[in-house]
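Hi,

Here is the structure I promised to pass on. Have a look at it first, and then read on for what turned up.

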Amino acid sequence: MRDINVSKVTETVKEMCIEINHVLSPDMAAALDKAATNEKSELGKQVLGQLEENIKIAKADMIPICQDTGMAVIFVEVGQDVHFNCDGAASLEDAINEGVRQGYVEGYLRKSVVDDPIIRNNTKDNTPAVIHYSIVPGDKVKLTLAPKGFGSENMSRVFMLKPADGIEGVKNAILTAVKDAGPNACPPMVVGVGIGGTFEKCALMAKHALTREVGKHSDIPYVKELEEEMLDKINALGIGPAGLGGSTTALAVNVETYPTHIAGLPVGINICCHVNRHISREL
Amino acid sequence: MTKSLNVPLTQQEKEELKNGDFVYLTGTIYTARDAAHKRMFECIERGEELPIDIKGQFIYYMGPSPAREGRPIGSAGPTTSGRMDKYTPKLLELGLGGMIGKGKRTPEVLNAIKENKSIYFAAIGGAGALLSKAIIKSEVVAYDDLGTEAIRKLEVKDFPVIVVADSTGTMLYK
């Protein structure tokens, strides 16, 4: 059994919140760079050039890449041989939310969370986070933070397809979601897809797929093919950077799969804008 | 075509601009997004006066991140305009000059743009750090309690936008 003090979790979450809202991860920056070189439309090239300039300014002047610094989504993989030492004060969950609070308040990040979906009072510190826990072998803790902006979140979908719809049904669902998202989702997008499981499992896989490094593919041969084919098909739609037309509509399509029920084919599609923020740390 | 114009634009300037034109705006604009629109709409329904005179003015759909010391504003890119569609035709009818945001509008909004000979610009979504450099002054003028969603009066210099729905009410987005 390894003891981890939750104050370490708080500190790490705080640092990640500030870093990832100002410095885009190298995989995303490289993908944007490649897109700017390959884009066919002049207007599209111009937009991609502005996005690259934006990333430089954000890092140099510590201005968030996007004003929508997101709702903090955190995946917590806890080794089963870990014990959290809370000093009799905060729970692990409180420690995570404290990290978000400190990161968003001290890091000049936007507070975009309301306390109730209908009453809608701003919590003024961007808490609470949306936290997904999993228990894994070992004595480490892996924290992955993905602050999610809602321009693209609002364009995400779940389709409960029939088994008879098969892979063609999945492809249509992805194209439908991307077409509907259009300019609203701040393209070029990253498209996270979850196929299988249950209603909530496919959505969660779609979210998790967004945290995968852009440019890395699934280990499953047909899934890798699907990712490549859908990226080509999406880019052939012509939506383009900022939705103003062009050959770069998506930077990546990341797909995760899970066993499902004999009667179902759930498909979750989580769309992310070009500011696809993801960062991991291990404790 | 690329143009530099003072904002608010004159009626003639608005009608001369066409979809796809690049414009650098210099002057005064106001921010308002979801919560501020809801409040303004409730104000109108109650027959009360709006907290700002919107006649001829431009609204930028934006909620900034907080400003660091010595800066007028934090990151300041556009939010999705479609969420304001429910309120926009009424505001245009009351004389709102034009809008800056991102994304598609409903046929009702496009029709109101045509009838009022208004204009809708897009700023580049997700370029909040870059766009903040074109804002030289920011001041909360209403609904301070809404935090990032308060109405702000902004002074902009060469703020880059693209015409995405011109005064004929047609949209550039496919």
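Phe199(A) counts as exposed, because its relative accessibility is 53% and the bar for exposed is over 50%. Bear in mind throughout that this is a predicted model. Phe199(A) sits in helix α7 of chain A, which covers residues 199–209. On the surface, Phe199(A) joins Val158(A) and Met160(A) in a nonpolar patch, and together they have about 300 Å² of accessible area.

Now the interface. Chain A puts 33 residues into the contact and chain B puts in 35. About 2800 Å² is buried between the two chains, with 59% of that on carbon and sulfur atoms. On the chain B side, look at Arg68(B), Ile124(B) and Leu130(B): they supply 21% of the area that chain B buries against chain A, more than any other three residues. As for charge pairs across the interface of chain B and chain A, there is 1 salt bridge. That is Lys133(B) with Asp61(A), whose side chains meet at 2.4 Å, N to O.

Over all chains, the whole structure has 25 salt bridges. A few of them are worth clicking through.

In chain B, Asp145(B) and Arg39(B) pair through their side chains at 2.6 Å, N to O. This one links distant parts of the chain, 106 residues apart: Asp145(B) is in the loop between β6 (135–142) and β7 (151–165), while Arg39(B) is in helix α2 (residues 34–45). Both ends are partly exposed, Asp145(B) at 49% relative accessibility and Arg39(B) with a relative accessible area of 27%.

Arg105(B) and Asp85(B) also form a salt bridge, again given as 2.6 Å from N to O. Arg105(B) is in the loop between β4 (98–101) and α4 (107–115) of chain B, and Asp85(B) is in the loop between β3 (58–60) and α3 (88–93), so the pair ties together parts that are 20 residues apart in sequence. Are these two side chains buried or exposed? Arg105(B) counts as buried because its relative accessibility is 5%, and Asp85(B) is buried too, with a relative accessible area of 10%.

Over in chain A, salt bridges with shared partners join Glu168(A), Lys171(A), Glu229(A) and Lys233(A) into one network. Another chain A pair is Lys216(A) with Glu213(A), where the closest N and O atoms are 4.0 Å apart. Here Lys216(A) is partly exposed at 48% relative accessibility, and Glu213(A) is partly exposed with a relative accessible area of 40%.

Last, the cysteines. How many disulfides does a search of the whole structure find? The count is 0 over all chains. For Cys66(A), the nearest cysteine sulfur belongs to Cys273(A) and is 6.2 Å away, and Cys66(A) is in no disulfide. Cys273(A) in turn has the sulfur of Cys272(A) as its nearest, 4.4 Å away, and is in no disulfide. A disulfide needs the two sulfur atoms within 2.5 Å, so a separation of 4.4 Å does not qualify. Both Cys66(A), at 9% relative accessibility, and Cys273(A), with a relative accessible area of 10%, are buried.

Let me know what you make of it.

Cheers

Terms used
Residues are numbered from 1 along each chain as its sequence is written. Chains are lettered from A and ligands numbered from 1 in the order in which they are written. This is a predicted model: local features need pLDDT of at least 70, side-chain atom pairs count only at pLDDT 80 or more; totals for chains, interfaces and linings use all residues. Side-chain values use heavy atoms; hydrogens and water are left out. Patches are made of residues with over 30% relative accessible area and no salt bridge: like charges are joined within 9 Å, nonpolar side chains (Val, Leu, Ile, Met, Phe, Trp, Tyr) within 5 Å. Accessible areas come from the Shrake-Rupley method with a 1.4 Å probe; for residues, only the protein chains shown count as cover. Helices (H or I, at least four residues) and strands (E, at least two) are DSSP runs, numbered from the N terminus. Buried means under 20% relative accessible area, exposed over 50%, partly exposed in between (1.4 Å probe, protein chains only). Contact means heavy atoms within 4.5 Å. Buried area is the accessible area (1.4 Å probe) that two parts lose on being put together, summed over both.
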